[in-house]
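This report describes selected local features of one protein model. The sequence and the structure are shown first, and the discussion follows.

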Amino acid sequence: MDLRHLRHVVATARNGSFSAAALELDVKQPIVSRRIRELEEQLGVALFDRSTAGAKLTPVGEDFAIMAGRILDDLQRLTDRTQAAVQGRRGRVVLGFYKSLSSGNLRFVLRRFRENHLDIGLDLREAPFVELIADLHSGKLDVAVILGDPDRCPVLNTMAIGTEQLMVALPEDHPLAEKPFVYWPDLKGEKFLTSHRDPGPDIRNILIAKLAAPSDGPEIVSLHLSRESILSLVGAGEGISLQCECASGLTGLGAVFRPVHDGNGATRIGYIACWHPENGNPALQTFLEALRPEM
């Protein structure tokens, strides 16, 4: 018994004759008759009553045709699922990112991806930069979203996925809070609070690049605190903090946010997606296509 036998039985049962089944299966009528006869001889039972009016299932044949139809349906579902996985329409993607990126536009992109790709599971992992890169190499992650330029991870595949404005968080009563935006020179002499966690080190590098001079540099205090705790300290007047634009949605902490400008306008910071060049997960390509135009 093989799948051809099952298909011939189901087609004959559906059409009520060997000739009509042959038309459906695009084979000659004797082939259908022979296949069913082979099956009946193997099982030792008649599946159809033959007559000039056609072929009618016997009671045993009715039960067999039902089970055969279920097997063929299951096989078709298995085939469809496999093809969907190969084509990237089904599967699983593991995404890593900094905790500070869990809000803002990335959250919107992930929600819409889940709505549009119900058959692709999306697992999220928050981790520092070093862990994200290590997990990409070990295969624990399919893709990571981090701050930086595409050349930041030279041994990985990278894709620029957009930028955000750089904002300065100020106490509500700070003199700069009255301005719609601030320039980098306005921030000279300020005490900056940054997180020891990512992207704190990236923010620190930006501050040094923008504000350091041969004779002095910015005062930067690195704290083992969350972004929310640092913004609470800002609200309490303990200092100011440079933040990505997505942080500006955090309210009730006593801090206000203002864009930071240079001579060319708003200062922006880039985001990239990174993945291992040997990652063959088809669902990853679907996710990258969804991510590409959004951020």
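## Helix H2 and its surroundings

The cover over the buried residues of helix H2 includes helix H1 (3-15), H3, strand E1 (48-51) and strand E2 (54-57). The model is predicted. Within H2, the buried residues are Phe18, Ala21 and Ala22. Viewed along the axis of H2, these buried residues fall within an arc of 105°, so they line one face of the helix. As background, an α-helix has 3.6 residues a turn, so residues three or four places apart point the same way.

The packing of H2 against H3 can be described in further detail. The axes of helix H2 (residues 18-25) and helix H3 (residues 29-43) come within 8 Å, with a crossing angle of roughly 110°. H2 is therefore roughly perpendicular to H3, because angles of 65 to 115 degrees are classed in this way. On the H2 side, the contact is formed by Phe18, Ser19, Ala21, Ala22 and Leu25; on the H3 side, Gln29, Val32, Ser33 and Ile36 take part. Sorted by class, the contact of H2 with H3 comprises six nonpolar residues, three polar residues and no charged residues. Phe18, Ala21 and Ala22 are thus named both among the buried residues of H2 and in the contact with H3. After H2 comes Asp26, which has a positive phi, near 60°.

## Cysteines

Why does Cys153 form no bond with Cys274? The sulfur of Cys153 lies 3.8 Å from that of Cys274, which holds the closest cysteine sulfur, and this is too far for a bond; a disulfide requires the two sulfur atoms to be within 2.5 Å. Cys244 is likewise in no disulfide, and its nearest cysteine sulfur belongs to Cys246, at 5.3 Å. By this rule the count of disulfides is zero.

Both Cys153 and Cys244 are buried, whereas Asn264 is exposed. Their relative accessible areas are listed below.

| Residue | Relative accessible area | Class |
|---|---|---|
| Cys153 | 6% | buried |
| Cys244 | 5% | buried |
| Asn264 | 79% | exposed |

## The loop at Asn264

Where does Asn264 lie? Asn264 is in the loop between strand E11 (255-262) and strand E12 (265-266). With a relative accessible area of 79%, Asn264 counts as exposed, because the cut-off for that class is over 50%. Asn264 and Gly254 are separated by 10 residues in sequence and by 30 Å in space, C-alpha to C-alpha.

Terms used:
Residues are numbered from 1 along each chain as its sequence is written. This is a predicted model: local features need pLDDT of at least 70, side-chain atom pairs count only at pLDDT 80 or more; totals for chains, interfaces and linings use all residues. Side-chain values use heavy atoms; hydrogens and water are left out. Buried means under 20% relative accessible area, exposed over 50%, partly exposed in between (1.4 Å probe, protein chains only). Helices (H or I, at least four residues) and strands (E, at least two) are DSSP runs, numbered from the N terminus. Axes are lines fitted to C-alpha atoms, for helices over the stretch in contact, and angles run from 0 to 180 degrees between N-to-C directions. Angles under 35 degrees count as roughly parallel, over 145 as roughly antiparallel, 65 to 115 as roughly perpendicular and the rest as oblique. Contact means heavy atoms within 4.5 Å. Ala, Val, Leu, Ile, Met, Phe, Trp, Tyr, Cys and Pro count as nonpolar, Asp, Glu, Lys and Arg as charged, and the others, Gly among them, as polar. The arc is that of the directions from the helix axis to the C-beta atoms.
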